[in-house]
Amino acid sequence: HTTLPPRHGTTQQQHNTTQSTQHTAHNTQLTTQHNTPHNPVTILQPNPTLAITTTTNLPAGVKSNAYALTLAASNGTLPYFWDRLAGIFPAGISMTPGGVVQGTPTESGSFSFLLRVTDSDSVTSEKTFSLKVAEPLFISTTSLADGQAGLAYSVSLGSTGGLPPYHWSLTSGTLPSGMVLTSNGEIAGTPDATDSKTFTVQLTDGSGQTRARILKLNIVTGK
């Protein structure tokens, strides 16, 4: 009686995997199928969401000056369509379906509006914007009173229009010795001698407007 030795061999388990991917407006659906008794596993992977990337506070405009700004969005399927849901634009300003805010404002003030962008998959995103329109900036000071040597002197330069913050600077020339121009538009100091200086001051406002004025300051002998 002969006993045969057991047969040695390798049993290989076959494991096949197939994957399929479906894209929707909001998610990417990844389905993984295994050749096992288990059911296919479905994993939802979120797509980046359509978003308006233009900042809430739009660059300021100036009354009677042309204005143009192209709004921007990301993570959507082109082309985009833009529309206004609420609020008002300044008079003279409108928006194209392509998202260009443009025109020549005929009024100043602060304005707020809710805009919506829709992509070609009908996904939408909304955002509220604010837009300020300034009056044209103007330096109202046209001349300076004389100062006296040895006596304290102070005068505030005047302006109209524009938007805060305001910033004054000296762009050419010099002030009499002992005098300075502050960023808020005050010429101050105690001149130490008789003198006469011509110089240019510049005013810049929060809307980006810039104006300049040539001024002259005489320092006379104290009485």
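## Strand β6 and two salt bridges

User: Hi! Which strand does β6 pair with, and in what sense?

Analyst: β6 pairs with strand β10 (residues 100-103) in the antiparallel sense, over four bridges. Pairing means that DSSP finds at least two bridges between two strands, and strands are DSSP runs of E with at least two residues, numbered from the N terminus. This is a predicted model, where local features need pLDDT of at least 70, side-chain atom pairs count only at pLDDT 80 or more, and totals for chains, interfaces and linings use all residues. Residues are numbered from 1 along each chain as its sequence is written, and side-chain values use heavy atoms, leaving out hydrogens and water.

User: Which residue in β10 is the bridge partner of T70?

Analyst: That is V100.

User: And where do the side chains of β6 point?

Analyst: They alternate along residues 67-70: Y67 and L69 point to one face and are buried, while A68 and T70 point to the other and are not. Buried means under 20% relative accessible area, exposed over 50%, and partly exposed in between (1.4 Å probe, protein chains only).

User: New topic: how many salt bridges are there?

Analyst: Two, each being a side-chain nitrogen of Lys or Arg within 4 Å of a carboxyl oxygen of Asp or Glu. In one of them, D83 meets R116, with the closest N and O atoms 2.6 Å apart. D83 sits in strand β8 (residues 81-87) and R116 in strand β11 (residues 109-118), 33 residues apart.

User: Is D83 buried or exposed?

Analyst: D83 is buried at 16% relative accessible area, while R116 is partly exposed at 27%.
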